[in-house]
Amino acid sequence: MDTPGLVSLLRHTTTTPSSTSNVGKRSSKLNVFRMFKLFPLLTSGCKVITLLGKPNKALLSHHGTTVTLFGFRKSRLSLLIQDDPYSPSPAFLIELPIPTNAFHKEMASGLVRIALESETRTNKKRLLEEFVWAVYCNGRKSGYSIRRKNASDDERYVMRMLRGVSMGAGVLPCQEGESSVVDGELTYLRARFEKVVGSKDSEALYMINPDGGGSGPELSIFFVRVK
């Protein structure tokens, strides 16, 4: 999976000196644990957003790309990318072959790199328009996924509930008539990401920490088309 395009994008985040690695890891773990402790609080917040109706656009930053990773605890993780968080048509939507609980455990380590690799050899499509992707999480192959052209009811529900949320992690209330007993709670992580384009065959997204510092968890998503 170490293609030249991916290697060049990986260099973007390789900035941690060995003398400070232990301190950085401890800070990352503390930060991400605080993030997931927000689940009960943000559950209430999402209900409030629904009651308020149309959110205020001034609450959202217009810089960067909005990325949401969500899924039922006992099911698989979905990846949603939106250039405009208010648009009903996402720029990219896919269900990843990664269990949601496994993703939460990886986030607790403070460093998560998800790589999607397409082996389609064509110049007729833009990179994120490819359909079939091999998925890797922290260097381990998770399986294959197919990009969705149309959102499911659950995915449209998540987009609707989070329209007024620029960043956060939490649990969304179940839709009317649904129960969380079978698949567990519907969890989400939503943040603004910086997009870095290496070439027409490689792109990367890097999570922007809200405090502007480097003490938070690192979450990066890479897209590579292999030729």
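1. Start with Ile146, which sits in strand β6 (residues 140–146). Strands here are DSSP runs of E with at least two residues, helices are runs of H or I with at least four, and both are numbered from the N terminus. Ile146 is exposed because its relative accessible area is 57%; the cut-offs are over 50% for exposed, under 20% for buried, and partly exposed in between, using a 1.4 Å probe and protein chains only. Ile146 joins Val132 and Tyr144 in a nonpolar patch on the surface, and together they have about 320 Å² of accessible area. Patches take residues with over 30% relative accessible area and no salt bridge, joining nonpolar side chains (Val, Leu, Ile, Met, Phe, Trp, Tyr) within 5 Å and like charges within 9 Å. The areas come from the Shrake-Rupley method with a 1.4 Å probe, and for residues only the protein chains shown count as cover.

2. A word on what you're looking at. This is a predicted model, where local features need pLDDT of at least 70 and side-chain atom pairs count only at pLDDT 80 or more, while totals for chains, interfaces and linings use all residues. Residues are numbered from 1 along each chain as its sequence is written, and side-chain values use heavy atoms, with hydrogens and water left out.

3. Now helix α4, residues 100–108. Thr100, Phe103, His104, Glu106 and Met107 are buried there. Looking down the axis of α4, these buried residues fall within an arc of 160 degrees, so they line one face of the helix; the arc is taken from the directions running from the helix axis to the C-beta atoms. Just after α4 comes Gly110, with a positive phi of about 90 degrees.

4. What does the side chain of Thr187 contact? Its partner is the side chain of His104, in a polar contact of 3.3 Å. A polar contact means a pair of N or O atoms within 3.5 Å; within protein, one must be able to donate a hydrogen and the other to accept it, and residues adjacent in sequence count only if both atoms are side-chain atoms. Thr187 lies in strand β8 (residues 186–199) and counts as buried because its relative accessibility is 2%. So the contact reaches from β8 to one of the buried residues of α4, with 3.3 Å between Thr187 and His104.

5. Val197 is also in strand β8, but Val197 counts as exposed, at 53% relative accessibility. The C-alpha atoms of Val197 and Phe223 are separated by 9.6 Å, with the two residues 26 apart along the chain.

6. On to the charged pairs: the structure holds 9 salt bridges, each a side-chain nitrogen of Lys or Arg within 4 Å of a carboxyl oxygen of Asp or Glu. One of them pairs Glu185 with Arg73, with the closest N and O atoms 3.0 Å apart. This pair links distant parts of the chain, 112 residues apart: Glu185 is in the loop between β7 (168–172) and β8, and Arg73 is in the loop between β1 (65–72) and β2 (76–82). Glu185 is partly exposed at 36%, and Arg73 is partly exposed at 22%.

7. Another salt bridge runs between Arg76 and Glu95, where the closest N and O atoms are 3.1 Å apart. Here too the pair links distant parts of the chain, with Arg76 in strand β2 and Glu95 in strand β3 (residues 92–99), 19 residues apart. Arg76 has a relative accessible area of 41%, so Arg76 is partly exposed; Glu95 is partly exposed at 25%.

8. Which residues are joined into one network by salt bridges that share partners? They are Glu130, Lys200, Asp201 and Arg225. Within it, Lys200 bridges to Asp201 with the closest N and O atoms 3.5 Å apart, and Asp201 counts as buried at 12% relative accessibility.

9. Don't go hunting for disulfides: the structure holds 0 of them, a disulfide being a pair of cysteine sulfur atoms within 2.5 Å. Cys137 is buried at 5% relative accessibility, whereas Cys174 is partly exposed at 30%.

10. Asn138 is worth a look. Most residues other than glycine have a negative phi. Asn138 is not a glycine, yet its phi is positive, at about 50 degrees. Asn138 is found in the loop between β5 (132–137) and β6 and is partly exposed, at 26%.
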